[in-house]
Amino acid sequence: MKNESHEIKTATDADVNTDREAKISGEVADKEAQHSTNNNEKSTQAKPLTKKQLFLQLLIFTACMASAGVIQFVTTGLLSTWTGLMKSEQDDYYWCAYLAGLVLSVIWSFTFNRKFTFKAASNLPLAMALVALYYCAFAPLSTFGADAIVDAWKAAAGTGWDENYKMAITVAMMLINFVTEYLWEKFIVFNDSVMTKIERKLHIKRKNKTDEKENDNAVTEEPVKTTPTEEAAITVNETATDGQTAPPPEKQNNE
């Protein structure tokens with residue numbers, strides 16, 4: 001009878017210890033999840049730039065857009081104004097030349113700005129999609145808008161029309177592109193806080209540098225700190241799980 005009551009007590013203690021162990025494991029998991037969330041939030045929080053850093057950033061962006069402008073200007077000139085490759089006796093395909101130059105300049109400016117100007121760790125596919133969204137609006141407006149301006153200017157100028165006027169229109173469109181693209185990329189595309197909100201709305205998980213290091217290299221986790229009472233409870237639970245019951249205290253003393 002005494003042994004039966006002792007076994008019941010041991011089983012009850014084992015259940016209590018199991019519940020306690022599960023509670024400890026749950027608390028540890030919550031702490032790890034909170035720690036991971038804090039790391040992600042810290043990684044997305046950027047320190048505000050000083051006036052000197054903002055000025056330097058603007059200079060680098062200007063240099064990038066100037067080089068992109070050279071690419072667009074030369075491409076448009078070679079395909080339309082200077083060689084007449086995209087021009088026939090009936091039609092002037094200036095808009096095709098302008099669009100080709102625009103696409104080449106966009107590829108160059110996006111790559112340069114992401115790496116050197118803003119040094120952003122944003123989600124690359126999402127950033128490219130946002131830049132594409134900007135040009136889905138700007139490209140048709142500027143391309144067909146510039147072509148309409150050329151036609152209107154040519155009709156107004158009559159015999160005084162000069163083919164080089166097209167390049168003046170190209171420069172004007174490039175200036176508009178410079179201002180609007182800088183605002184879009186600085187405050188939307190390469191702004192980590194805005195990108196994080198967009199990712200959450202679209203349910204996109206960003207792989208930050210910490211996660212990549214953890215995937216590439218096995219990181220040793222810190223041991224969970226437990227009290228002596230909790231360690232004893234875990235030991236008793238493991239013994240009960242293996243089907244071994246500890247001898248009663250009285251038998252231990254008698255032996």
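Student: What comes after helix 6, and what is the sign of its phi?
Tutor: Helix 6 is followed by H203, which has a positive phi near 60°. Helices here are DSSP runs (H or I, at least four residues; strands are E, at least two), numbered from the N terminus. Keep in mind that this is a predicted model: local features need pLDDT of at least 70 and side-chain atom pairs count only at pLDDT 80 or more, while totals for chains, interfaces and linings use all residues. Side-chain values use heavy atoms, with hydrogens and water left out, and residue numbers start from 1 along each chain as its sequence is written.

Student: Which residue just after helix 3 takes a positive phi?
Tutor: That's K119, at about 45°.

Student: Back to helix 6: why say that its buried residues line one face?
Tutor: The buried ones are D192, M195, T196 and E199. Looking down the axis, they fall within an arc of 105°, so they line one face of helix 6. That arc is taken from the directions that run from the helix axis to the C-beta atoms. K197 and K201 are exposed and sit on the face turned away from the buried side.

Student: Why is T76 called buried?
Tutor: Buried means under 20% relative accessible area, exposed means over 50%, and partly exposed is in between (1.4 Å probe, protein chains only). T76, in helix 2, has 0% relative accessibility, so it counts as buried.

Student: What does T76 touch?
Tutor: Setting aside residues up to four places away in sequence, T76 touches T81, Y94, A97, Y98, G101 and T170. Contact means heavy atoms within 4.5 Å.

Student: And V106, is that buried or exposed?
Tutor: V106 belongs to helix 3 (residues 94-117). Its relative accessible area is 14%, so V106 is buried. Beyond its neighbours within four places in sequence, V106 is in contact with V131 and Y135.

Student: Which helices do the buried residues of helix 3 pack against?
Tutor: Helix 2, helix 4 and helix 5. Those buried residues include Y98, L102, S105 and F110. L102, for one, touches Q72, Y135, F138, A139, S142 and N177, again not counting residues up to four places away.

Student: What makes the largest nonpolar core a core?
Tutor: A nonpolar core is a set of buried Ala, Val, Leu, Ile, Met, Phe, Trp, Tyr and Cys residues joined through side-chain atoms within 4.5 Å. The largest one has 26 residues, and Y98, L102, V131, Y135, F138, V189 and F190 touch the most other members. Helix 2, helix 3, helix 4 (124-157) and helix 5 each supply at least two residues of this core, with the largest share, 10 residues, coming from helix 4.

Student: How do helix 2 and helix 5 pack?
Tutor: Helix 2 (residues 51-81) and helix 5 (residues 165-189) meet at an angle of about 145°, with axes 10 Å apart. The axes are lines fitted to C-alpha atoms over the stretch in contact, and angles run from 0 to 180 degrees between N-to-C directions. Their crossing is right-handed: the near helix is turned clockwise from the far one, whereas anticlockwise by less than a right angle would be left-handed.

Student: How many helices and strands are there altogether?
Tutor: The protein chain has 9 helices and 0 strands. Of its 255 residues, 27% count as buried.
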